[in-house]
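I opened these notes to record what I looked up on empty space and on charged pairs. The entries follow the order in which I looked.

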Amino acid sequence: MAEFMTGLKRTHMCGDLRITDVDREVTIFGWVQRQRDLGQLIFIDLRDRTGIVQLAFSDTTDKEIFEKASSCRSEFVLGVKGKVAERSAKNKDIPTGDIEIQVTELRILSKAQTPPFEIVDDTKTGEELRLKHRYLDLRRRPLQENIIMRSKIAKVARDYFYENNFIEIETPMMIKSTPEGARDYLVPSRIHQGKFYALPQSPQIYKQLLMLSGFDRYIQLARCFRDEDLRADRQPEFTQIDMELSFADMDEIMEINEGLFKRLFKEVLGKDLATPFEKMTYNDAMENYGSDKPDVRFGMKIQNISHLVKDSDFGVFSSAIENGGSVRCIVAKNAASTYTRKEIDKLTEYVRGIGAKGLAFVRWVDDEPACSFKKFMKEGELENILSEIGAEKGDVVLIVADKNSVTLPVLGALRLVVAKRLDIIPNEFKFVWIVDFPFFEYDEESGQWVAMHHPFTMPREDCLQYLDTDPGKVIAKAYDLTLNGTELSSGSIRITDYELQQKMFKALKMTDEEIEAKFGFLVEAYKYGAPPHGGMGIGLDRVTMLLCGAESLRDVTAFPKVQNASELMSQCPSEVDTESLEVLGLEIKSTTEE
């Protein structure tokens, strides 16, 4: 039977004890990492979230305590009193390795069955089993350190914004469903049957209304929800460090956020960041890196060779250019030994899987470079191409020909794959602001221009003349902050002019009825004096993932969802009883065919 902790009050954490604590009487609590019974000696490694300390039991230990120690097994929960002593056999691998606790009182607070996997730092247990027993997985030191790191980041962010006169305000979790780019999670109303609340994809509308309400600097660690396909850096629910500022332009908002990251990296990682961060236009990012969240820690920029091959006899190149596309390449320096013909074939299959029709290449091993399209080249053409793109013996050139909407993102993705394989990405942090985003993008399926951002984003003043005549020329006052190829945050200056907002809605082909139904209350608010304002939202989960060096958001989220948006431990989502559905006026219809 488990004992009680009456009379025991913790004085120290397991991982905090050091040689300077020798002869001190301490009380600690924790889980048994392992027990070693050597007959006349018993050692127990006791673990809490701060680390491990060794408990020692010998022939001088009270017999009853010694017998209890002998019965302890992995994951038993113990309460311990004792005296700190210097260890004879020291362990340099742990911070507490110079000392041990000679136990004078031992209580078994909870016994444990043998867990389904060993609680060790470097586990080889499959993720699915660990997620089913997440409460055990979270006992492992790497995950505990990640969760603690997340807590530190949240604290630093709050402290920073408080010091800069921001006010923390909570916005509703059940809101009106409005279009924000992803599907909403819907909550049926019992009182208003047939109507639904939505869980917020972001606090966007409310934080703008707070600016209209006179709270000129707002901050919130906001929970957000998006019903979309998952991947390593996406969860259906996530936390956003959300902010909005009145009477501020883009430069001021960027400066505020650079200050936040400078503070974060100093206090959490002990690193000094150089500011201001690099700025890059959306067009330059796409042209050079094939992505609006470029990883600039290494070179291998995309190069346009269309002008060099436009008269080529190679139909793949010439037809791509004739159809309004381009021929582009990346040069992988000193890659010929790594990328054999067989390996290049694998890259070809990879690019086909992400939208390209194929992959042309030049592999320069011998004096004469091997080229997949050499028979179509005239005398001196290949040499001219290699000279202009800076390719040399030992390099591999990878080429994609297609419309720009294919060549750029495909080569952008290929660039990352190749860099990882070549191990040329430095272990450093490179922030980049992406600015001058197009306001609209052309949807080839519908044949219409659609907004790249939410409909409250302000266009640049010098582009307003093109709203009706040439939407492709309209540039948004929007900005993203990226780090090492990951988008950390997105923001914009907002429209506050009632007439301009109406014009933007019309440009997005919204009817008066749609505008009123979806945004009527916000449009009404603009009529009563709206201050110029802008803001952004930073993904707390993604920031934590990058600072921890984690590979997935699941590694920095206490109870994450898997790819099908289910949570394996509690097995949600789950069915509910018929009575609960009837109260809501809902009925589940089977989607399976009879």
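Entry 1, salt bridges. I count a salt bridge where a side-chain nitrogen of Lys or Arg lies within 4 Å of a carboxyl oxygen of Asp or Glu. The model I am reading is predicted, and by this rule I note 50 salt bridges in it. I looked up Arg 352 and Glu 349, whose side chains meet in such a bridge at 3.1 Å, N to O; both residues lie in helix α10 (residues 341–353), three residues apart, which is about one turn of the helix. Because its relative accessibility is 44%, I enter Arg 352 as partly exposed.

Entry 2, a pair in helix α6. The side chains of Arg 263 and Glu 267 form a salt bridge at 2.5 Å, N to O, and I find both residues in helix α6 (residues 250–269), four residues apart, again about one turn of the helix. Arg 263 has 21% relative accessibility and therefore counts as partly exposed, and Glu 267, at 47%, also counts as partly exposed.

Entry 3, a buried pair. Are Arg 130 and Asp 137 buried or exposed? I find that Arg 130 is buried and that Asp 137 is buried as well, while their side chains meet in a salt bridge at 3.0 Å, N to O. Following these two further, I see that Arg 130 and Asp 137 belong to a network of salt bridges that also links Arg 134 and Arg 140.

Entry 4, the second largest pocket. I note about 640 Å³ of space here and a lining of 21 residues, of which Tyr 282, Ser 405, Pro 438, Glu 441 and Tyr 442 lie nearest the centre. By class the lining divides into 10 nonpolar, six polar and five charged residues, and α7 (282–289), α12 (404–422) and β18 (440–443) each supply at least two of its residues.

Entry 5, cavities. My search of the whole structure gives four cavities of 30 Å³ or more. The largest cavity holds about 60 Å³ and is lined by 10 residues, with Ile 175, Lys 176, Thr 178, Ile 205 and Tyr 206 nearest its centre; helix α5 (residues 204–212) gives the largest share of that lining, three residues. The second largest cavity holds about 50 Å³, and its lining includes Pro 172, Met 173, Tyr 206 and Arg 223. Here the largest share, three residues, comes from strand β9 (residues 217–225), and I class the lining as six nonpolar, two polar and one charged. I note that Tyr 206 appears in the lining of both cavities.

Technical notes: Residues numbered from 1 in each chain as written. Predicted model: local features only at pLDDT ≥ 70, side-chain atom pairs only at ≥ 80, totals over all residues. Heavy atoms only, no water. 1 Å grid on protein atoms, 1.4 Å probe; cavity = no way out; pocket = protein on both sides within 12 Å on 5 of 7 lines; lining within 4 Å. Points joined across faces, edges and corners; volume = space filled by probe spheres on them. Nonpolar A, V, L, I, M, F, W, Y, C, P; charged D, E, K, R; others polar. Buried < 20%, exposed > 50% of the residue type's maximum accessible area, 1.4 Å probe, protein only.
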